[in-house]
Amino acid sequence: MALQESTPKAQFRRTAEFHPSVWGDYFINKAPCDEMLFSAWIKEIEVLKEEVRTMLTSATLKPSEKLKLMDVVLRLGIGYHFEGEFNGIIEHAYNTYHDNSFDDDLFTVALRFRLLREYGYNVSSDIFNEFKDGKGNFKDNLIDDVEGLLSLYEASVLGGHGEETLDKALSFCKTHLESAVAHLVSPLADKVSRALKRPLLKGVPKHEQWHHILIYQQDEACPGAVLRLAKLDFNVLQKCYQDELRIISR
């Protein structure tokens, strides 16, 4: 008995009716980065990386100054280039946590505490007891030290459950920073405003990088090589992302 061919059933494909891309044709129409310019950026980045690396490992730079430089590099989003150097700085900061090889001002003490906590060292917050009065409250003479208050405020965000000292620090610093910010000038005013709006560790890294580039280009104390490296690094990564999105969109 011969088999009869069955008539294929009509195939119906559902339409997804996706919303049009919010980008439209922006990335498709965007011209790729000039190769010569891109190559020049890459070469300059390599030179600047070595210059910054030399600064981070300099024997003439005090441990506290290395921590401050490390903090700036991290804020500017280029820390991933120097993880080896950072590990050495952090290890030294931990091994000397209770001696006097570091400056003992509020800014430096809070900065060292924050960076150690960020790198996974569960150091004690008792180190801030020297900044308290006999009643266990933070001393009133700290109010005028805005940079110190800002450093302590950023460190207090890393407090854990039951760390009363850091809870008090958060409340104390926030109150006095909010009172002081209107009377400050840039770049310190911008640093305080940014921290109060969104603490450093709660921001999106690339977004924070852009904001800190704008802040530190007003800061004469920021090394030129560090700032230039941050700007070039941002531009290079931005162009890479744009090229990838252009290819995906097509």
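## Starting at Glu 44

Let's begin with one residue: Glu 44 is part of helix H2, which covers residues 35-56. The model we are looking at is a predicted one. Is Glu 44 buried, exposed or partly exposed? With a relative accessibility of 28%, Glu 44 counts as partly exposed, because that label belongs to values between the 20% limit for buried and the 50% limit for exposed.

Which residues does Glu 44 touch, once those up to four places away in sequence are set aside? They are Arg 228 and Leu 232. Asn 100, in contrast, has its C-alpha atom 39 Å from that of Glu 44, and the two residues are 56 apart along the chain.

## The chain as a whole

Now step back and look at the overall layout. The chain has ten helices and zero strands, so its pattern along the sequence reads α-α-α-α-α-α-α-α-α-α. Its radius of gyration is 26 Å, well over the 18 Å that the globule rule gives for 250 residues, so the chain is more spread out than a compact globule. You can also picture a box: along the principal axes, the C-alpha atoms fill roughly 105 × 45 × 45 Å.

How much of the chain is buried? Of its 250 residues, 39% count as buried. The accessible surface comes to about 15,400 Å², and carbon and sulfur atoms make up 53% of that surface. Take the contacts in the chain with a separation of 6 or more: 68% of them are between residues 24 or more positions apart.

## The nonpolar core

The largest nonpolar core in the model contains 59 residues, and those with the most contacts inside it are Leu 76 and Phe 128. Which helix gives the most to this core? That is helix H10, residues 224-249, with eight residues.

Leu 76 is worth a look of its own. Leaving out residues up to four places away in sequence, Leu 76 touches Gln 209, His 212, Ile 213, Tyr 216, Cys 222, Val 226, Leu 227 and Ala 230.

## Leu 177 in helix H7

Another residue to find is Leu 177, in helix H7, which runs over residues 164-180. Leu 177 has a relative accessible area of 1%, so it is buried. Beyond its neighbours within four places in sequence, Leu 177 is in contact with Val 146, Leu 149, Leu 150, Tyr 153, Val 192 and Leu 196.

Val 146 makes a nice example from that list. Although Val 146 and Leu 177 are 31 residues apart in sequence, their C-alpha atoms are 7.1 Å apart in space.

## A cis bond before Pro 187

Follow the chain on from H7 and you reach a loop that leads to helix H8 (188-197), with Pro 187 in it. Is the peptide bond from Ser 186 to Pro 187 cis or trans? This bond is cis, with omega near 10 degrees. Most peptide bonds are trans.

## Rings to look for

The model has five aromatic pairs. One of them joins Phe 82 and Phe 86, whose ring centres are 6.4 Å apart and whose planes meet at 50 degrees, giving a tilted pair. Both of these residues are buried.

Finally, look at Phe 138. Which residue lies over the face of its ring? Lys 132 does, at 5.9 Å from the ring centre.

Key:
Residues numbered from 1 in each chain as written. Predicted model: local features only at pLDDT ≥ 70, side-chain atom pairs only at ≥ 80, totals over all residues. Heavy atoms only, no water. Phe/Tyr/Trp six-rings, centres within 6.5 Å; stacked < 30°, edge-to-face > 60°. Buried < 20%, exposed > 50% of the residue type's maximum accessible area, 1.4 Å probe, protein only. Lys NZ or Arg CZ within 6 Å of the ring centre and 35° of its normal. Core = buried A, V, L, I, M, F, W, Y, C linked by side-chain atoms within 4.5 Å. Helix = DSSP H or I, 4+ residues; strand = E, 2+ residues; numbered from the N terminus. Contact = heavy atoms within 4.5 Å. Rg over C-alpha atoms; globule rule 2.2 N^0.38 Å. Areas by Shrake-Rupley, 256 points an atom, 1.4 Å probe, with all protein chains shown as cover.
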